[in-house]
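User: I should like to go through the classifications assigned in this structure and the reasons behind them. Please set each value against its criterion.

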Amino acid sequence: MHPAPSVIFFTTFSGMGFGLLFWLGIDTTAPTGWIAFVFFAIAYAMAVGGLLASTFHLGRPERAIKAFSQWRSSWLSREGICAVVTLLVLAFYGAGLVFFDAQWSVLGWLGALGALGTVFTTSMIYAQLKTVPRWKHWTTPALFLFLSLGGGALLSGNVKFALPLLIIAGALQAFAWFHGDGRFAASGTTMATATGLGHIGKVRAFEPPHTGTNYLMREFIHVVGRKHAMQLRIIALILGFVVPVGLLLINAGHWTGLLAVVSHIAGVLTLRWLFFAQAEHVVGLYYGQR
Amino acid sequence: MTTLPPPSAKKLGLVIDLDTCVGCHACVVSCKGWNTENYGAPLSDQNAYSGAASGTFLNRVHSYEVQPPVLKDKPAAPAQLIHFPKSCLHCEDAPCVTVCPTGASYKRAEDGIVLVNEKDCIGCGLCAWACPYGARELDAKEGVMKKCTLCVDRIYNENLPEEDRQPACVRTCPAGARHFGDLGDETSDVSILVAERGGFDLMPEQGTKPVNKYLPPRPKDVEPEYDILAPYLEPIAQDGKGFVGWLDKALSAMPGGAK
């Protein structure tokens, strides 16, 4: 799959933003006043910024409002609704903390639940696709949720939860990579089933339907990026999990915390890039490529 | 609404004969011609006259080489070249429809045709991600998703003569490799064709239940083992008479002459 920067930024930053909102929502000793304002500003900048980035890859962004209508069948529609409801609910909760020094915990818990729902619905946009066997697996939603919770805990300075969650997310990512490598072959979709010609013999793409490229090849066939996959996986694991966990264990101060956050974001951007670049769509089989 | 309607009794679709298709791409051209001028946004091209040409097509013809395996002591049969037209299969369980967030993608309850309402399409591309066949292409100029309409603006069009009320690709195919009809009706010509020729689904394991069917290439003839040129290579005069007979004998009598 083509790793579009807008979608990588969207999933990375809105994931962390909603993770931070989750922890702010359930925090019994939530900050108030200016400190609360800074926390909520960061969370909203990330969550809303990510959502806005995702509209950049739309062909007709001016009609985006219509995407709220098909919640009955579409995970993308559910995600949009979940995100807007969550952001509205937590805006009232945040206003209580910032301006009135009051914690309306019911709103906080509702918002926290909505934040998790938003991350889950985002992940299901990918996990539902049978055409991309690497994504169609329980590890996709599990990974999105643990990365969001771990990253959010890290941002909110909640070291007690950030440590175990980041370790789980890292282990889950390693397992998802390892298991995902065999899923295209395990899906049973091959050039033989794609063309229905397997009963005659070995099928080879002889001539593409066109002299140039096309939308399908640009969107679904991405070969170059996989060349350095192993190195990038190691870099993502080190930046995303080993460095932040190490820094938090040494010293959980403000400056090491900031360094841990920056390193974690760099790591998640790398693994999210791989999430797209390494995912193979079955349509590539018609072109003899993946 | 992007939830799928209950399966319709009428299932309009195509039957494509891989035995007959000669790979001329006439269906590709006629499809682009009709659909760029009629239903919905035109099918745009980018850099059409440069080395990096690209454009939107609703129907494309791939070509595959299929190499039969070596059987026991026999050498492998020659490879076959099979031309393979591919467009929307108008699936019964169309995954492209249910993922649509806006309701732009829908499957018609009356005849099963899968269409895009371009006024509602936001161009998110998720339906193209969900389609295993590459049947949908986002138009780079219009920013909306384009797909085969089964020429819905021809097949019911009473302004056209009767014989033109079929998809442009079917109407134009010079080899008769494309057939249009109701695959929900077991007695229709296309259903009989599928039953008699062993029509099959593409990627059945994806669970999309395509309406369009493909007919396999017929088995190749097996040549009997004799040399068809042999009769012509026999010496013309076995026991020559007259001048030729004398010449034969005279030349054979010379030193080193053939006996």
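Analyst: A suitable starting point is Arg60(B), which stands opposite Lys86(B) in strand 5 of chain B. The model is a predicted one.

User: What makes strand 4 of chain B and strand 5 of chain B a pair?

Analyst: Pairing requires at least two bridges between the strands. Strand 4 and strand 5 of chain B are joined by eight bridges, in the antiparallel sense, so the criterion of at least two is met. Within strand 5 of chain B, Leu81(B) is the residue opposite Glu65(B).

User: How do you know that strand 1 of chain A pairs with strand 4 of chain B?

Analyst: The same bridge criterion is applied, namely at least two. Five bridges connect strand 1 of chain A to strand 4 (residues 59–67) of chain B, and the two run antiparallel. Ala205(A) faces Tyr64(B) of strand 4 of chain B in this pairing.

User: Why do strand 1 of chain A and strand 5 of chain B stand at the edges?

Analyst: The open sheet has three strands in the order 1(A)-4(B)-5(B), with antiparallel pairing. Strand 1 of chain A and strand 5 (80–87) of chain B each have a single partner strand, so one side of each lacks a neighbour in the sheet. On average, neighbouring strands are turned by 40° against each other, with direction ignored.

User: What packs on this sheet?

Analyst: Helix 1 (residues 26–37) of chain B packs on the sheet and touches strand 4 and strand 5 of chain B. The direction of helix 1 makes about 165° with that of strand 4 of chain B.

User: Which elements of chain A supply the side that touches chain B?

Analyst: The contact involves 47 residues of chain A and 55 residues of chain B. Helix 3 (75–99), helix 8 (191–195), strand 1 (202–207) and helix 9 (215–220) of chain A each contribute at least two residues to that side of chain A. The largest share, six residues, is supplied by strand 1 of chain A. By class, the residues on this side of chain A are 19 nonpolar, 19 polar and nine charged.

User: Why is helix 5 of chain A called roughly antiparallel to helix 11 of chain A?

Analyst: The axes of helix 5 (residues 139–155) and helix 11 (residues 254–277) of chain A come within 10 Å and cross at roughly 160°. Angles over 145 degrees count as roughly antiparallel, so helix 5 of chain A is roughly antiparallel to helix 11 of chain A. The crossing of these two helices is left-handed. Helix 5 of chain A brings Leu147(A), Gly151(A), Leu154(A) and Leu155(A) to the contact, while helix 11 of chain A brings Ala260(A), Val261(A), His264(A) and Val268(A). This contact has six nonpolar residues, two polar residues and no charged ones.

User: Why is Ala67(A) counted as buried?

Analyst: A residue is buried at 20 or more C-beta neighbours within 10 Å. Ala67(A) has 25 inside that distance, and therefore counts as buried. Ala67(A) belongs to the loop between helix 2 (33–55) and helix 3 of chain A. Apart from residues up to four places away in sequence, Ala67(A) touches Leu76(A), Ser77(A), Gly80(A), Pro101(B), Thr102(B) and Ile122(B).

User: What makes Pro174(B) exposed?

Analyst: The limit for an exposed residue is 12 or fewer. Pro174(B) has 9 other C-beta atoms within 10 Å and is therefore exposed. Pro174(B) is in the loop between helix 5 (168–172) and strand 10 (178–182) of chain B. Leaving aside residues up to four places away in sequence, Pro174(B) touches Cys24(B) and Ala26(B). Pro174(B) and Ala26(B) are 148 residues apart along the chain, and 7.8 Å separates their C-alpha atoms.

User: What is notable about phi in Cys151(B), and is Cys151(B) buried or exposed?

Analyst: Most residues other than glycine have a negative phi. Cys151(B) has a positive phi, near 50°, and is not a glycine. Its 26 C-beta neighbours inside 10 Å make Cys151(B) buried, because the threshold is 20 or more. Cys151(B) is located in the loop between strand 9 (145–146) and helix 4 (152–155) of chain B.

Methods
Residues numbered from 1 in each chain as written. Chains lettered and ligands numbered in written order. Predicted model: local features only at pLDDT ≥ 70, side-chain atom pairs only at ≥ 80, totals over all residues. Contact = placed C-beta atoms within 7 Å. Helix = DSSP H or I, 4+ residues; strand = E, 2+ residues; numbered from the N terminus. Nonpolar A, V, L, I, M, F, W, Y, C, P; charged D, E, K, R; others polar. Axes fitted to C-alpha atoms, helices over the stretch in contact; angles between N-to-C directions. Parallel < 35°, antiparallel > 145°, perpendicular 65-115°, else oblique. Left-handed = near helix turned anticlockwise from the far one by under 90°.
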